[in-house]
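Colleague: Before I use this model, I would like to go through the labels attached to it. Please give the reasoning behind each one.

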Amino acid sequence: MIEIPMICPRCDAEISVDMASAVVRMDVRPRAEAELLCSCPSCELPISWRIVGDIVVMLLFAGIEPLFLSEPSLPAADVAPALPPLTSDDLLDWHLDLAPIWTVIPWER
Ligand SMILES: [Zn+2]
């Protein structure tokens, strides 16, 4: 269990932040800065600190698993294929191709 002594910026109480219940948020691009998020055990309000340099490195060496922020991405199955966009002529051709197809509605006899 890793605890970091800090002073709450909201209530000025000396607190000990348990890293098991805190979140270290980092950018995907490697930087020596991060944000530490937790709730104050004294005033129970959410707090965040910008942490930089050696503190970030020490937390990572201590085994803290950071939450990396990146741009949202789609699963590979949901990514549009690299094809030219549909045109109105494509839709008309599709309509003409479907014209001879008869559909059977299950509840019709
Ligand atoms: Zn507090």
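Modeller: A residue is called exposed if 12 or fewer other C-beta atoms lie within 10 Å of its own, and buried if there are 20 or more. Keep in mind that this is a predicted model.

Colleague: Why does Gly63 count as exposed?

Modeller: Gly63 has 8 C-beta neighbours inside 10 Å. The limit for exposed is 12 or fewer, so Gly63 counts as exposed. Gly63 sits in the loop between H1 and strand S6 (67-69). Its C-alpha atom is separated by 9.5 Å from that of Ile2, and the two residues are 61 apart along the chain.

Colleague: What makes Asp12 exposed, and what is its phi?

Modeller: Asp12 has 10 C-beta neighbours inside 10 Å and therefore counts as exposed. Asp12 is not a glycine, yet its phi is positive, about 60°. Asp12 belongs to the loop between S1 and S2; the hairpin of these strands has six residues between them.

Colleague: Which loop holds Glu44, and why does Glu44 count as exposed?

Modeller: The loop between S4 and strand S5 (46-52) holds Glu44. With 9 C-beta neighbours inside 10 Å, Glu44 counts as exposed because the cut-off is 12 or fewer. Glu44 also has a positive phi of about 60° without being a glycine.

Colleague: How do you know that S1 and S2 pair?

Modeller: Pairing needs at least two bridges found by DSSP. Five bridges join S1 to strand S2 (residues 14-18), so the two strands pair, and they run antiparallel. Ile4 stands opposite Val17 in S2, and Glu3 stands opposite Asp18.

Colleague: What makes S1 hardly covered?

Modeller: The count of buried residues among the five residues of strand S1 (residues 3-7) is zero.

Colleague: Which residues form the covered face of S2?

Modeller: Ile15 and Val17 form the covered face, whereas Glu14, Ser16 and Asp18 form the uncovered one. In a regular strand, side chains alternate between the two faces of the sheet.

Colleague: Why is the set with Ile15 and Val17 called a nonpolar core?

Modeller: The term requires buried residues of the listed nonpolar types, joined through C-beta atoms within 7 Å. Ile15, Val17, Val24, Ala34, Leu36, Cys38, Val56 and Leu59 make up the largest such core, with eight residues. S2, strand S4 (33-39) and helix H1 (54-61) each supply at least two of them, and the largest share, three residues, comes from S4.

Colleague: Which residues is Leu59 in contact with, leaving aside neighbours within four places in sequence?

Modeller: Leu59 is in contact with Val24 and Ile64.

Definitions and conventions:
Residues are numbered from 1 along each chain as its sequence is written. This is a predicted model: local features need pLDDT of at least 70, side-chain atom pairs count only at pLDDT 80 or more; totals for chains, interfaces and linings use all residues. Helices (H or I, at least four residues) and strands (E, at least two) are DSSP runs, numbered from the N terminus. Two residues are in contact if their C-beta atoms, placed from the backbone, lie within 7 Å.
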